[in-house]
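Reader: I am new to this structure and would like a close look at one part of it, with its surroundings. Please start with the strands and how they are paired, and go on from there.

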Amino acid sequence: MTRKSEIIFNEANKYIPNGVSSPMRTFSLVGGDPIILESAKGTKIIDVDGREYTDFLSGFGAIFLGHSREEISQAVAAQLDKGLVVGLSTEIEKELARKIVESTPAIDKLRFVVSGSEAVMTALRIARAYTDRKYFVRFVGSYHGHADALLAQPGGNVAVAVKGTTNGVAENNVIMCEYNNSEQLRQIFEERGHEIAAVIVEPFATNMGFVKPHANFHQDIRQLCTDYGSLFIFDEVVTGFRFRFGGVSALLGVDPDLTTFGKIIGGGAPVGAYGGKEKFMKLVEIGNKVFQSGTFAGNPITMAAGNAALDLMAKPGFYEAMDEKGALLEKEIKQNFEKYDIPFHFTRFGALSGIAFRRSAADMQNYSDVKQQEYEIYKNVHLAMREKGFLMAPSLEEPIFLNDAHTNDDIIRFAEALAVSIAEQIK
Ligand code: PMP
């Protein structure tokens, strides 16, 4: 019998390229039929055919408090009665900005936009306008959204999704550097430092699985940017509010010039934000150099959801509990890997983690390491996990996203199923 998912997906293909509004949803990297969502609650996702999954994708990291979290739904419902988009400012917009600014020392002011892509695009625009320079440095394998400049020389999932690298992309003023390679970055600055407007980096590389920075990596970037008058942009679209209440920069002792946010701060509603030091943020003020606007920027629904989410996350013990979930996942995965003789390496920071699907006990350092993984194994593991009722990312180059709704039982069952699925593949 043809599944309802399949029928809807085939119909969608008539109206939407590939039937999806974002390429990863085709599951083309891992195979398997598309999942058409019926509803999601807590950690459970139900598709239109009634199949249930325990979710470890968490809306690509945007869902941090579980699906359909009551407090967030109520805040959104209350706002619905007061108006959707009215083209005016609201108090809840000021409140959400206040919470972010007060919790993130690197930020004096910020503005909301509608996606992480827009936040990054605008941060880069500010850096170019402030320095009057064209070039910026990005790290191989990184992803910072789909703004033109940021798509030049894409890695990973983007490179798979499109043929060629810069089709339709207006300008290519990017200089690529290897992640975690301070020496290479130093050479780049020695040769071209006075042309470089900015360096953009993720605190942890979360778009090539999960790769941690070397001890001094961010400090080295900070120093080079200071020495050459370039701006240091910290892309916290994934990491913001994930490890502490605020940007992770404060935890890592890093002082970026501009920071971008997305995902978590919108409580599951569409969001992006960019912020930083007053002297840079001044550039978007009326009559100054940089333009940014948006019909839906700071929209009341997102602001209501974001405030409700942040209020839950501000409660004492919230981040300790998230870390405990991460620690449980680590313990269970490591135990099971030993039990089933799996030679893969698990890496974690707080509630974010990743598995290197390569037969090595070493942490991955950069995109060359990422590419050494056994992509075919992940593909089959992803499908086996779906059969067992677990949803993982449709790509090896995404982390495992825990959220507040995950119970110990979810985590223990997931770790066991994952080890069994991998063991079946590597025998
Ligand atoms: N920066 C990073 C680090 C991201 O991971 C993403 C999306 N996953 C973006 C920017 C773009 O955000 P959005 O999808 O909201 O445009």
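Author: Two strands count as a pair if DSSP finds at least two bridges between them. The model is predicted. Strand β7 (residues 196-201) and strand β8 meet that condition, with 4 bridges in the parallel sense. One point on this pairing is Val201, whose bridge partner in β8 is Phe234.

Strand β8 covers residues 231-235, and 5 of its 5 residues are buried, so the strand is largely enclosed by the rest of the structure. A residue is called buried here if 20 or more other C-beta atoms lie within 10 Å of its own. The side chains of β8 go two ways: Leu231, Ile233 and Asp235 point one way, while Phe232 and Phe234 point the other way. Residues on both sides are buried, Asp235 included.

A sheet elsewhere in the chain is built with the opposite sense of pairing. This open sheet has 3 strands in the order β11-β12-β14, and the pairing is antiparallel. The edges are β11 (345-349) and β14 (400-401); each has a single partner strand, so one side of each is left without a neighbour in the sheet. Between β11 and β12 (residues 352-356) there are 5 bridges. Phe349 takes part in this pairing, and its partner in β12 is Leu352. Helix α12 (residues 318-339) packs on the sheet, where it touches β11 and β12. The direction of α12 makes about 170° with that of β11.

These elements can be placed in the wider layout of the chain. The domain assignment gives domain 1 as 4-68 + 317-426 and domain 2 as 70-313. The C-alpha centres of the two domains are 25 Å apart. Where the domains touch, 30 residues of domain 1 are in contact with 32 residues of domain 2. On the domain 1 side, the elements that give two or more residues are α12, β11, β12 and α13 (367-371). Strand β12 gives the most to that side, with 4 residues. By class, the domain 1 side divides into 18 nonpolar, 10 polar and 2 charged residues.

There is also a ligand, with 15 residues around it. Those that come nearest are Ser115, Gly116, Ser117, Gly145 and Val237. Helix α4 (residues 116-131) gives the most to this shell, with 3 residues. The shell has 5 nonpolar, 8 polar and 2 charged residues.

Two loop residues deserve a look for their backbone angles. Most residues other than glycine have a negative phi. Asn18 has a positive phi, near 65°, and lies in the loop between α1 (4-15) and β1 (37-41). Phe60 likewise has a positive value, with phi near 50°, and its place is in the loop between β3 (52-55) and α2 (70-80). A residue is partly exposed if its count of other C-beta atoms within 10 Å falls between 12 or fewer, which is exposed, and 20 or more, which is buried. For Asn18 the count is 15, so Asn18 is partly exposed. For Phe60 the count is 18, so Phe60 is partly exposed.

How values were computed. Residues are numbered from 1 along each chain as its sequence is written. This is a predicted model: local features need pLDDT of at least 70, side-chain atom pairs count only at pLDDT 80 or more; totals for chains, interfaces and linings use all residues. A residue is near a molecule or strand if its C-beta atom, placed from the backbone, lies within 6 Å of it. Ala, Val, Leu, Ile, Met, Phe, Trp, Tyr, Cys and Pro count as nonpolar, Asp, Glu, Lys and Arg as charged, and the others, Gly among them, as polar. Two residues are in contact if their C-beta atoms, placed from the backbone, lie within 7 Å. Axes are lines fitted to C-alpha atoms, for helices over the stretch in contact, and angles run from 0 to 180 degrees between N-to-C directions. Domain bounds come from an automatic or database domain assignment.
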